[in-house]
Amino acid sequence: MNADAVRAAYDAVCAEVGPGVTVVAATKYVAAEDMSILADAGVAIAGENRAQDLQRKHALHGDAFHWHFIGALQSNKARIVNEICELVHAVETDSTARRLTVPWLLEVNLAGEESKSGVAESEIEGYRERYPSLRGLMTMPPFADDPEASRPTFRRLAELARAHGLTELSMGTSQDWRVAVEEGATLIRVGSVLFHD
């Protein structure tokens with residue numbers, strides 16, 4: 001991984017999605033000592049999956065990035081995230097939502113897969129009523145080789161966000177981010193498209 005290659009990939013994605021979509025660099029597989037390469041490449045937002053990794057990377061690179069938490073967050077790790085992050089992407093329990101002091105997104109399980117995290121569509125309104133810090137919705141569609149397979153899931157999430165008056169939509173990863181943007185994503189979470197292509 002070198003800064004020039006990352007910069008070229010990052011700039012290309014940013015240019016394609018336009019100013020209305022925030023590109024979050026998913027840094028799960030980036031070693032803490034390599035985060036400086038992303039900073040040198042101009043990456044603005046780092047999205048981390050694990051609270052311990054978030055702490056370690058932030059300790060080394062603090063102000064180099066805006067930090068988002070994009071993994072499943074256990075409620076007992078909320079304090080760490082509150083101290084570091086601007087946004088949490090994947091809240092799915094009341095116990096976690098209650099402990100957050102930063103804005104967050106509710107993860108919705110639209111596929112109905114037991115292996116997937118997230119709440120049912122019917123639970124959105126209750127969270128909306130209880131938590132003013134809820135900014136929007138997030139989802140992970142069933143994995144498929146064809147990005148088009150994600151389109152119905154993304155479209156449904158956008159419909160739900162509109163219905164509940166929520167403005168932020170975190171959907172789309174390296175595999176299907178273009179489809180997500182077409183369906184209204186305001187945040188995409190990309191890793192391999194920046195670091196490995």
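The following conversation goes through a predicted model of a protein chain and asks what lies behind the words used for it.

Reader: What makes the overall size of the protein chain agree with that of a compact globule?

Author: With 197 residues, a compact globule would be expected to have a radius of gyration near 16 Å, and because the protein chain has 16 Å, the two agree. Along its principal axes, the C-alpha trace spans about 45 × 35 × 30 Å, and the chain holds nine helices and eight strands.

Reader: Why is Leu160 called buried or exposed, whichever applies?

Author: A residue counts as buried when its relative accessible area is under 20%, and Leu160 has 6% relative accessibility, so Leu160 is called buried. Leu160 has its place in helix H7, which covers residues 151-163. Leaving aside neighbours within four places in sequence, Leu160 is in contact with Leu110, Glu121, Ile124 and Leu137.

Reader: How do you know whether His89 is buried or exposed?

Author: Here the cut-off is again under 20%, and His89, at 0% relative accessibility, therefore counts as buried. His89 lies in strand E4, made up of residues 87-91. Among the residues in contact with His89, neighbours within four places in sequence left aside, are Val24, His68, Phe69, Leu105 and Arg189. His89 and Trp104 are 15 residues apart in sequence, while their C-alpha atoms are 5.8 Å apart in space.

Reader: How much of the protein chain is buried?

Author: Buried residues make up 50% of the 197 residues in the protein chain. The accessible surface of the chain comes to about 9,200 Å², and 47% of that surface belongs to carbon and sulfur atoms.

Reader: What makes a group of residues a nonpolar core, and which members of the largest one touch the most others?

Author: The members must be buried residues of certain nonpolar kinds, joined through side-chain atoms within 4.5 Å. The largest such core has 56 residues, and Val88, Leu100, Trp104, Leu137, Ile188 and Leu194 touch the most other members. Not counting residues up to four places away in sequence, Val88 touches Phe69, Leu73, Val81, Leu100, Val102, Pro103, Trp104 and Leu105. Apart from the largest core lies another core, of nine residues, including Val24, Leu87, Ala90 and Leu187.

Reader: What share of the contacts joins residues at least 24 apart in sequence?

Author: Among contacts between residues at least 6 apart in sequence, 52% join residues at least 24 apart.

Note on methods. Residues are numbered from 1 along each chain as its sequence is written. This is a predicted model: local features need pLDDT of at least 70, side-chain atom pairs count only at pLDDT 80 or more; totals for chains, interfaces and linings use all residues. Side-chain values use heavy atoms; hydrogens and water are left out. Helices (H or I, at least four residues) and strands (E, at least two) are DSSP runs, numbered from the N terminus. The radius of gyration is taken over C-alpha atoms; the globule rule is 2.2 Å times the number of residues to the power 0.38. Buried means under 20% relative accessible area, exposed over 50%, partly exposed in between (1.4 Å probe, protein chains only). Contact means heavy atoms within 4.5 Å. Accessible areas come from the Shrake-Rupley method with a 1.4 Å probe; for residues, only the protein chains shown count as cover.
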